[in-house]
Amino acid sequence: MVDKTCLFTLVDKLRVVWEITHKCNYICLHCCADAKSKGDGELTLNSVKKGVDNLVAHGLGSIYFSGGEPLTRKDFLEILTYAAALIPPKSINFATNGRLVTPEIAKRVSQLDIGNVLVSLDGHDSETAQKFRGIKECYVDAVNAISRLADEDVKVRLGVVIWAGNYRHLEEFIKIGIDVGANNIFFNWLVPIGRAKGNDKIELDLSLYFNIAHELESLRQKYGDKISVGFHRFEQLDDMDENCQAGIKILHIIPDGRVSPCSWIYKVDNHVLSKQKISEASLDEILKEEPFELIRQMQGDRLKCGSGPGCLAMCKAFAGDYLTIDPLYKNGGLWVKKNES
């Protein structure tokens, strides 16, 4: 289900984003997780399995593994295999920068028949990609990974963050995706959190937001017969749109097993986190903890105070307050204020 409010595609049941490791082999300028070269405090394989069991018992509908870089965990494919035995494999997805996607890895992923693999590429050429992700070979890593996965009939989503260095080259990304065999391409606006916060060299002026939205819609129509072109939160919201679903249809798990109502809420405010771990306490008990109660209260309060439906995380990221009007709500949000200033 595509929802204009949320940065995620919602499913009928519970969707979980699991940051399976904090370790990464890249040094991206925009990293939301501020990932490191070492993965400290992450759950063991057995604990991850217990966590998956817990989620399945609570009605898990979809799981998306992220990081860090998931493939830095030597047991990651075993984690995928375990999850695929408990829920439909097509409801399992993961993200990668592509560096560790060898032909052998691609073949093993293909055998699992999971939903899709998101491969990140944020530069339309090698030089631009390197500026953003900090690794000289990152462009080649991504292109090779997509090709290897596509050769094994794995569905691949090319993920693009729109930033100051690439927003004039969106059509080029689509052509790259088509050339290397991606099934779809998804664009997201750079959110000023993590390492990106306050970095004027990569942030885009918000006055460009709806111009880029219109361009993406035109590109979607132009290339729709060759590749699926998608983007979240590029449309104006109104009262008919769904309110924030954090902690209801969306959950986020960090590497040590603690749970937050939403990946983006956790990234803008890492205090919104359970004390108990998904591998040790039932999800029902975790959802009764204070952070989840506070988020549920704010979801109701924003409607009562006239802020309308919206994404709590984006309100916090761009305006500093969960209860402000969503930046996209009825053209009364931050984008318009920025344009008028």
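## Exercises on helix packing and backbone geometry

Helix 6 (residues 170-180) packs against helix 7 (residues 209-223) at an angle of about 30°, their axes lying 10 Å apart. That makes helix 6 roughly parallel to helix 7, a term that covers angles under 35 degrees. The model is predicted: local features need pLDDT of at least 70, side-chain atom pairs count only at pLDDT 80 or more, and totals for chains, interfaces and linings use all residues. Residues are numbered from 1 along each chain as its sequence is written, and side-chain values use heavy atoms, with hydrogens and water left out.

**Exercise 1.** Determine how helix 1 and helix 2 are oriented to each other.

*Solution.* Helices are DSSP runs of H or I with at least four residues, and strands are runs of E with at least two, numbered from the N terminus. Helix 1 spans residues 45-57 and helix 2 residues 76-84; they pack at about 25°, with axes 10 Å apart. The axes are lines fitted to C-alpha atoms over the stretch in contact, and angles run from 0 to 180 degrees between N-to-C directions. Helix 1 and helix 2 are therefore roughly parallel. Their crossing is right-handed, as is the crossing of helix 6 and helix 7; in this sense the near helix is turned clockwise from the far one by less than a right angle.

**Exercise 2.** Locate the cis peptide bond next to Gly68 and state its omega.

*Solution.* Most residues other than glycine have a negative phi, and most peptide bonds are trans. The cis bond joins Gly67 and Gly68, with omega about 20°. Gly68 belongs to the loop between strand 2 (60-66) and helix 2.

**Exercise 3.** Is Asp153 buried or exposed?

*Solution.* Relative accessible area under 20% means buried, over 50% exposed, and in between partly exposed (1.4 Å probe, protein chains only). Asp153 has 71% relative accessibility and therefore counts as exposed. Asp153 sits in the loop between helix 5 (138-151) and strand 5 (156-162), and its phi is positive, about 65°.

**Exercise 4.** Describe the surroundings of the Asp269 side chain.

*Solution.* Asp269 lies in the loop between helix 8 (263-268) and helix 9 (283-286). Asp269 is buried and has no salt bridge, that is, no side-chain nitrogen of Lys or Arg within 4 Å of a carboxyl oxygen of Asp or Glu. The nearest side chain of opposite charge, Lys316, is 4.8 Å away. The Asp269 side chain does make a polar contact with the side chain of Tyr322, at 3.0 Å; such a contact is a donor-acceptor pair of N or O atoms within 3.5 Å.

Terms used
Lys, Arg positive; Asp, Glu negative; His and termini not counted. Parallel < 35°, antiparallel > 145°, perpendicular 65-115°, else oblique.
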